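Visitor: Hi, I've got a model open and would like to talk it through. Can you put it up and pick a place to start?

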Amino acid sequence: MEYSTTAPVDPDRAREALADAGFPRAVVQSSGDNDLTVRTNELSAPEETRIGDAIAELGGGDREDP
């Protein structure tokens, strides 16, 4: 999934936030100034929402691609 944030987010901070949200194995990479790529196993809709909420708390923004 790709997320675009309104402020830069350090991938390490995003990894910590996702681990706290229940996704300790999520792979997070920076993909531009204010973009993050998050890779996980297949997710349910509520799990996708939890990831999006965790990223939004760090830097604002929305998910770009399913």
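Guide: Sure, let's take helix α1: its face turned away from the buried side carries the exposed residues E16 and D20. Exposed is over 50% relative accessible area, buried is under 20% and partly exposed is in between, with a 1.4 Å probe and protein chains only. Helices (H or I, at least four residues) and strands (E, at least two) are DSSP runs, numbered from the N terminus.

Visitor: Before we go on, what kind of model is this, and how are residues numbered?

Guide: This is a predicted model, where local features need pLDDT of at least 70 and side-chain atom pairs count only at pLDDT 80 or more, while totals for chains, interfaces and linings use all residues. Residues are numbered from 1 along each chain as its sequence is written, and side-chain values use heavy atoms, leaving out hydrogens and water.

Visitor: OK, which residues of α1 are buried?

Guide: P11, A14, A17 and L18. They sit on the same side of α1, because they cover an arc of only 120° around the axis, taking the directions from the helix axis to the C-beta atoms.

Visitor: And what do those buried residues pack against?

Guide: They pack against β2, β3 and α2, where contact is heavy atoms within 4.5 Å.

Visitor: Which residues have the most contacts inside the largest nonpolar core?

Guide: L18, V38, I51 and I55, in a core of 14 residues. Such a core is a set of buried Ala, Val, Leu, Ile, Met, Phe, Trp, Tyr and Cys residues joined through side-chain atoms within 4.5 Å. α1 (11–20), β3 and α2 (45–59) each supply at least two of its residues, and α2 gives the most, with three.

Visitor: What does I55 touch?

Guide: Setting aside neighbours within four places in sequence, I55 contacts Y3, T5, A14, L18, L36, V38 and G60.

Visitor: Switching to the strands, how does β3 pair up?

Guide: β3 (residues 35–39) runs antiparallel to β1 (residues 2–4), with three bridges, and antiparallel to β2 (residues 27–30), with four. Pairing takes at least two bridges found by DSSP. L36 in β3 is the bridge partner of Y3, and S30 stands opposite L36 too.

Visitor: Is V27 in β2 buried or partly exposed?

Guide: V27 counts as partly exposed because its relative accessibility is 35%. Beyond its neighbours within four places in sequence, V27 is in contact with T37, V38 and R39.
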